[in-house]
Amino acid sequence: MTQTIDTLRPRDDDDIPGPDIDDHTLECLGDTQLTSFTASPTSTQPFGPPTTLRWSVSSPSTCGVTVKLNGQAVAKTGSMQVQPAVTTRYALTAQARGATRSLGSVTVAVDTAACVTLPVPESLVRNQVRSVIDTIDAASGEISQRSAAKVEVVPGGITVALRLKAAVNNFADPDINVDFTIGLRVRNGAVEPFYKSFSVEVDWPWWVTVVTLGVSEFVEGLIADKIDGAARPLVLQAVQQLIEGMVDQLPDGLRLHSLQLVADEIRVTACPGGPRFVDDRFLVLSTGVLQGVVADG
């Protein structure tokens, strides 16, 4: 008998149908024109001064056209300062009733020639995660490992599979299977690991047909204490400390720039430069995603 206790997975809304497109909408988009779209300067360093994007779009006043810059709604005429971490293309689009028209784009080139990239092998990540689980295992008489944690670094994240067993007095001992994926991001020069998915499954022996409320509450308490309360935050902390340790070994003057997950390793890139550009009206993340808009006039 299998019982799912907790699941955290991203939603997929790709299959949601959009509204029908009428002739008026298509005419409105056809009459929407890009007057100007510039970037100044068009090239920068990873931690260099920001680039200013300026644009102007015209459309009939009777049309409910929305202008978007890299997916974010903006004013038809406006400006924004950005500081992308890598060479980034910024695209303007016009949208109305589910229809989209491309208006134009500019590219801001980021020169990373002076940056340094260090690999963090999968074996180091595996050892770091296993050390956390081993410590919890050694300190607990109620939950133990059926096998060593399986840890893999893949482009989609750090995948971990824990195969545990709970010790229940005067009852069958269930297996507890924990599967999760850790993502990595850089924010304000610091690494931030986070859970992209996290699931816990309790698998009772095949001959168990009924689980009493007391036993169920006991197992759920173990999960809350040993997995959610202990393992879950400590694993993130261990991954963060591993990457921070690699960055600390870099020469002075280099600052964490980006992280890339590939098969069997994490690539840590650091670049020369000062703090990221931040203004109280907007914030530009290391992925080049835009937040906040300053409209002209």
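Which residues touch the most other members of the largest nonpolar core? In this predicted model, the answer is Ile158, Ile176 and Ile266, which stand out in this way among the 52 residues of that core. Select these three to begin the tour, and then colour the elements around them: H2, E11, E12, E13, E14, H3, strand E15 (254-262) and strand E16 (265-272) each supply at least two residues of the core. Helix H3 gives the most, with 15 residues. As general background, nonpolar side chains in soluble globular proteins tend to be buried together.

**Stop 1: a cluster of rings**

Next, select Phe180, Tyr195 and Phe198, which ring pairs link into a cluster. A search of the whole structure finds 4 aromatic pairs. In one of them, the rings of Phe180 and Tyr195 have their centres 5.4 Å apart, and because their planes meet at 85 degrees, over the 60 degrees required, the pair is edge-to-face. This pair links distant parts of the chain, since Phe180 belongs to strand E13 (residues 175-187) and Tyr195 to strand E14 (residues 190-203), with their positions 15 residues apart in the numbering.

Turn now to the other partner of Phe180: its ring centre lies 5.1 Å from that of Phe198, and the planes are at 10 degrees, so this pair is stacked. Here too the contact joins strand E13, through Phe180, to strand E14, through Phe198, and the two residues are 18 residues apart. With the surface displayed, are these rings buried or exposed? Phe180 is buried, with a relative accessible area of 4%, Phe198 is buried at 2%, and Tyr195, at 14%, also counts as buried.

**Stop 2: charges over rings**

Stay with the aromatic residues, but add arginines to the selection. Arg185 lies over the face of Phe194, at 4.3 Å from the ring centre. Then select Phe47 together with Arg255, whose charged end sits over the ring of Phe47, 5.3 Å from its centre.

**Stop 3: an enclosed space**

The structure holds 2 cavities of 30 Å³ or more, and the second largest of them has a volume of about 90 Å³. To find the second largest cavity, select its lining, which is made up of Ile133, Ile136, Asp137, Ile143, Ser144, Gln145, Leu162, Leu164, Lys226, Ile227 and Ala231. Which elements give two or more residues to this lining? They are helix H2 (122-139), strand E11 (143-154), strand E12 (157-166) and helix H3 (213-248). Sorted by class, the lining of this cavity has 7 nonpolar, 2 polar and 2 charged residues, and Asp137 and Lys226 are the charged ones.

**Stop 4: along helix H3**

Follow helix H3 and pick out two of its residues, Glu220 and Val247. Glu220 is partly exposed, with a relative accessible area of 37%, whereas Val247 is buried, with a value of 19%, which falls under the 20% limit for that class. Each can be paired with a residue elsewhere in the sequence. Glu220 and Val202 are 18 residues apart in sequence and 9.3 Å apart in space, C-alpha to C-alpha. For Val247 and Val268, the separation is 21 residues in sequence and 7.8 Å in space, again from C-alpha to C-alpha.

**Stop 5: backbone details in the loops**

The last stop concerns the backbone, so it helps to recall that most residues other than glycine have a negative phi, and that most peptide bonds are trans. Select Ser40 and Pro41, where the peptide bond from Ser40 to Pro41 is cis, with omega near -5 degrees. Pro41 is placed in the loop between strand E2 (33-40) and strand E3 (43-44).

Move next to the loop between E12 and E13, where Asn170 is found. Asn170 is not a glycine, yet it has a positive phi of about 60 degrees, and it is exposed, with a relative accessible area of 83%. Finally, select Asp264 in the loop between E15 and E16. The phi of Asp264 is near 75 degrees, again a positive value in a residue other than glycine. With a relative accessible area of 48%, Asp264 is partly exposed.

Notes. Residues numbered from 1 in each chain as written. Predicted model: local features only at pLDDT ≥ 70, side-chain atom pairs only at ≥ 80, totals over all residues. Heavy atoms only, no water. Phe/Tyr/Trp six-rings, centres within 6.5 Å; stacked < 30°, edge-to-face > 60°. Helix = DSSP H or I, 4+ residues; strand = E, 2+ residues; numbered from the N terminus. Buried < 20%, exposed > 50% of the residue type's maximum accessible area, 1.4 Å probe, protein only. Lys NZ or Arg CZ within 6 Å of the ring centre and 35° of its normal. 1 Å grid on protein atoms, 1.4 Å probe; cavity = no way out; pocket = protein on both sides within 12 Å on 5 of 7 lines; lining within 4 Å. Points joined across faces, edges and corners; volume = space filled by probe spheres on them. Core = buried A, V, L, I, M, F, W, Y, C linked by side-chain atoms within 4.5 Å.
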